[in-house]
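The exercises below are meant to be worked with the sequence and the three-dimensional model side by side. Try each task before reading the solution that follows it.

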Amino acid sequence: MRNPTLDLTVDLLKRDSVTPEDKGCQDLMISRLEPLGFKIERMRFGEVDNFYARKGTSGPLLVFAGHTDVVPTGPVEQWASDPFIPTIKDDGMLYARGAADMKASLAAFITSIEAFVAENPDHQGSIGLLITADEEGIATHGTVKVVEALKARGEHFDYCIVGEPTSNKTVGDMVKNGRRGSLSGDLIVKGIQGHIAYPHLVKNTIHLVSPAIKEMVETVWDEGNDYFPPTSWQISNMNAGTGANNVVPGEVIIQFNFRYCPEYNGQGSTAEALQKQTTDVLDKHGLDYELKWKHNQPYITPRGDLVNALEVAIESAFSLKPELSTTGGTSDGRFIADICTEVVEFGPLNKTIHQINECVGVDCLEPLARAYQLTLEKLIK
């Protein structure tokens, strides 16, 4: 049987678009969209290719979002087949770098739109795509820049589906309707270095900071809420000392991170509150310190039109009801939420993403496209 989503997935996977390269993936997608009547806007920032496409001028507007860049392959010799020669094996899986994250979703976007437009040539509302080649890297010239440009001219999305591989054990079993906030701190605590035999002449920074660390570890930051687990604080790196066993360290460098539960219905935390609580603890213990912050904002889409429509579509395409989840790291959904009323993420299994022998099930590709198409039919037909 013809499998147009498989065919397009294979065409995309042949292109070695290691971040931030695109290697013609966007041109291929655009060549399929232009005949359907999409207005294409190429948006290059720095050395990164992006595009925004839209068909229609009226609302509501449903946008599909994703990325053509993939992570590096790792040792090629450890792959069972060339990572950029898509290979279907006897287990029914299609192997290639980017198969699950996220070229299968990109292909399903296109074929779902083609099928929808063929069946509904005079559809109401609008369809959009926001595609970047800068998601797997530092993500500074991709979706965030496109969103800034669209916001500056007053563009607004009603709905957005990000094609991240969200499925956990079976394709269709999980939809992400939000992501926790990520708040990282680079902390330097200062003391006085000196000979370990003369403790009265030194200030050991490890000793000084330890009570503050203990308090941070024992702090209950919040209790979570209906969509997110409680906020957690973890140290990821801690470095001090000269390497000699007779020198007291005069400085300790600590990298830490909050994965935090954003406020919803009065429960949860804000980045500003967590920053203040942290500095209050450090000041309480009389530390001499420097602290720099980096923040990735959270987002949440409560149950509404988009969640309900996608849920029904997945039940029809995959014969199961998905779980709503906010687990995992960050995604470009956090940027898109700035100009979009409802944002969710849905795509293939995430079991092999970023791994050697990344793969996606061939038999899930057409149902994935079908789920996207049914969502279109529910929201903009």
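A cavity is a set of points, on a 1 Å grid over the protein atoms alone, where a 1.4 Å probe fits but cannot get out, whereas a pocket is an open set with protein on both sides within 12 Å along at least five of seven lines; lining residues have an atom within 4 Å of a point. Grid points are joined across faces, edges and corners, and a volume is the space filled by probe spheres set on the points. The model is predicted, so local features need pLDDT of at least 70 and side-chain atom pairs count only at pLDDT 80 or more, while totals for chains, interfaces and linings use all residues. Residues are numbered from 1 along each chain as its sequence is written, and side-chain values use heavy atoms, with hydrogens and water left out.

**Exercise 1. Describe the chain as a whole.**

Step 1. Begin with secondary structure, where helices (H or I, at least four residues) and strands (E, at least two) are DSSP runs numbered from the N terminus. The chain has nine helices and 19 strands.

Step 2. Turn to the overall extent: along the principal axes, the C-alpha atoms fill a box of roughly 80 × 50 × 40 Å.

Step 3. Consider burial, where buried means under 20% relative accessible area, exposed over 50%, and partly exposed in between, with a 1.4 Å probe and protein chains only. Of the 381 residues in the chain, 52% are buried.

Step 4. Finally, take contacts, meaning heavy atoms within 4.5 Å. Among the contacts in the chain with a separation of 6 or more, 79% are between residues 24 or more positions apart.

**Exercise 2. Work out the order of the four-stranded open sheet and find the helices that pack on it.**

Step 1. Two strands pair if DSSP finds at least two bridges between them. By this rule four strands form an open sheet in the order β12-β14-β10-β15, with antiparallel pairing.

Step 2. Which strands stand at the edges? They are β12 (232-240) and β15, and because each has a single partner strand, one side of each is left without a neighbour in the sheet.

Step 3. Angles run from 0 to 180 degrees between N-to-C directions, and axes are lines fitted to C-alpha atoms, for helices over the stretch in contact. Neighbouring strands of this sheet are turned by 15 degrees against each other on average, direction ignored.

Step 4. Check the pairings residue by residue. Strands β10 (residues 181-190) and β14 (residues 251-260) are joined by 10 bridges; L183 stands opposite F258 in β14, and I188 stands opposite I253. Between β12 and β14 there are eight bridges, and here A240 faces V252 of β14 as its opposite residue.

Step 5. Add the helices. Helix α5 (residues 205-218) packs on the sheet and touches β10, β12 and β14, its direction making about 170 degrees with that of β12. Helix α6 (residues 271-284) lies across β10, β14 and β15, at about 165 degrees to β15.

**Exercise 3. Locate the cavities and compare the character of their linings.**

Step 1. Searching the whole structure gives three cavities of 30 Å³ or more. The largest cavity has a volume of about 70 Å³, and the second largest has about 40 Å³.

Step 2. Which element gives the largest share of the lining of the largest cavity? It is α5, with four residues, while α5, β14 and α6 each supply at least two. The lining residues include V209, W233, F256 and L282.

Step 3. Classify them, counting Ala, Val, Leu, Ile, Met, Phe, Trp, Tyr, Cys and Pro as nonpolar, Asp, Glu, Lys and Arg as charged, and the others, Gly among them, as polar. The lining of the largest cavity has nine nonpolar residues, one polar and no charged.

Step 4. For the second largest cavity, the division is four nonpolar, three polar and three charged. Strand β3 (residues 61-67) gives the most to this lining, with three residues; E135 and V162 are among the residues that line it.

Step 5. Follow V162 further: its bridge partner in β18 is E345. Strand β7 (residues 157-162) and β18 pair in the parallel sense over five bridges, and five of the six residues of β18 (residues 340-345) are buried.

**Exercise 4. Characterise the largest pocket.**

Step 1. The largest pocket holds about 440 Å³ of space. Its lining has 23 residues, of which E135, G329, T330, S331 and R334 lie nearest its centre.

Step 2. The elements giving two or more residues to this lining are β15 (288-296) and α8 (333-336).

Step 3. By residue class, the lining of the largest pocket divides into five nonpolar, nine polar and nine charged residues.
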